[in-house]
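Trainee: Got a minute to go through this one with me? I'd like to ask about bits of it as they come up.
Mentor: Go ahead, put it on the screen.

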Amino acid sequence: MATIIKIKTSSGLGKPATAKIGELSYSYAVGAYNTLGDKLFIGVGPIDGNGDASAQEVIGGKYFTNLLDHQPGVLTASSGLIVDANKA
């Protein structure tokens, strides 16, 4: 039997307004280094009076994986640095 896992989504440049502890959410607006778009979040911290997590931490997302768009050891503009076997 398959299990269906649902996560909250936001089309804006921010995380959804609320999340439970351990609940995942995703903002699918176009992301940048200084925005919350294209990022995956998880609810963390103490629970408030409504049972919602007090915070949502960024744990990944399309924005970060798009930075890894090249071969290790090759310097590419606007991308993450990935060293090769020679640490170059």
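Trainee: Where is Gln-71?
Mentor: Gln-71 sits in the segment after H1. Keep in mind that this is a predicted model.

Trainee: Buried or exposed, that Gln-71?
Mentor: Exposed, because its relative accessible area is 56%.

Trainee: And how far is Gln-71 from Val-58 in space?
Mentor: The two are 26 Å apart, C-alpha to C-alpha, with their positions 13 residues apart in sequence.

Trainee: What about Leu-68 and Leu-81, how far apart are those?
Mentor: Their C-alpha atoms are separated by 7.9 Å, and that pair is also 13 residues apart along the chain. Leu-68 is in the segment after helix H1, which covers 62-66.

Trainee: Is Leu-68 buried or exposed?
Mentor: Leu-68 counts as exposed, at 51% relative accessibility. The cut-off for exposed is over 50%.

Trainee: Switching topic. How are the strands ordered in the sheet?
Mentor: The order is S1-S2-S3-S4, in an open sheet of four strands with mixed pairing. S1 and S4 are the edge strands, each with a single partner, so one side of each has no neighbour in the sheet. From one strand to the next the twist averages 30 degrees.

Trainee: Which sense do S1 and S2 pair in, parallel or antiparallel?
Mentor: Parallel, over three bridges. Ser-10 stands opposite Ser-27 in S2.

Trainee: And S2 with S3, how many bridges?
Mentor: Four, and those two strands run antiparallel. Ser-25 has Phe-41 in S3 as its bridge partner.

Trainee: Stay on Ser-25. Which strand is that in, and is the residue buried or exposed?
Mentor: Ser-25 lies in strand S2. It is buried, because its relative accessible area is 0%.

Trainee: What does the side chain of Ser-25 touch?
Mentor: There is a polar contact of 2.8 Å between the side chains of Ser-25 and Gln-56.

Trainee: On to charges. How many salt bridges are there?
Mentor: The structure holds two. One of them joins the side chains of Glu-23 and Lys-8, at 3.8 Å from N to O. That pair links distant parts of the chain: Lys-8 is in strand S1 (8-10), and Glu-23 is in the loop between S1 and strand S2 (24-27), 15 residues away.

Trainee: So the 3.8 Å pair still makes the cut?  What is the limit?
Mentor: The limit is within 4 Å, nitrogen to carboxyl oxygen, so the Glu-23 and Lys-8 pair at 3.8 Å qualifies.

Trainee: How accessible are Glu-23 and Lys-8?
Mentor: Glu-23 is partly exposed at 23% relative accessibility, and Lys-8 is partly exposed at 29%.

Trainee: Which side chains make a salt bridge at 3.0 Å?
Mentor: Asp-52 and Lys-20 meet at that N to O distance. Asp-52 is in the loop between strand S3 (39-47) and strand S4 (53-60), and Lys-20 is in the loop between S1 and S2, so the salt bridge ties together parts that are 32 residues apart in sequence.

Trainee: Buried or exposed, Asp-52?
Mentor: Asp-52 is buried, with a relative accessible area of 9%. Lys-20 is partly exposed, at 37%.

Trainee: Last topic, the rings. How many aromatic pairs are there?
Mentor: The count is one aromatic pair. Tyr-63 and Phe-64 form it, edge-to-face, with 5.2 Å centre to centre and 75 degrees between the planes.

Trainee: Why is that called edge-to-face?
Mentor: Planes over 60 degrees apart count as edge-to-face, so the 75 degrees between Tyr-63 and Phe-64 puts the pair in that class.

Trainee: How accessible are the two residues, Tyr-63 and Phe-64?
Mentor: Tyr-63 is buried, with a relative accessible area of 16%. Phe-64 counts as partly exposed, at 34% relative accessibility.

Trainee: And what lies over the face of Tyr-63?
Mentor: Lys-39 does, at 4.2 Å from the ring centre.

Key:
Residues are numbered from 1 along each chain as its sequence is written. This is a predicted model: local features need pLDDT of at least 70, side-chain atom pairs count only at pLDDT 80 or more; totals for chains, interfaces and linings use all residues. Side-chain values use heavy atoms; hydrogens and water are left out. Buried means under 20% relative accessible area, exposed over 50%, partly exposed in between (1.4 Å probe, protein chains only). Rings of Phe, Tyr and Trp (its six-membered ring) pair if their centres lie within 6.5 Å; planes under 30 degrees apart count as stacked, over 60 as edge-to-face and the rest as tilted. A charge sits over a ring if NZ of Lys or CZ of Arg is within 6 Å of the ring centre and within 35 degrees of the ring normal. Two strands pair if DSSP finds at least two bridges between them. Axes are lines fitted to C-alpha atoms, for helices over the stretch in contact, and angles run from 0 to 180 degrees between N-to-C directions. A polar contact is a pair of N or O atoms within 3.5 Å; within protein, one must be able to donate a hydrogen and the other to accept it, and residues adjacent in sequence count only if both atoms are side-chain atoms.
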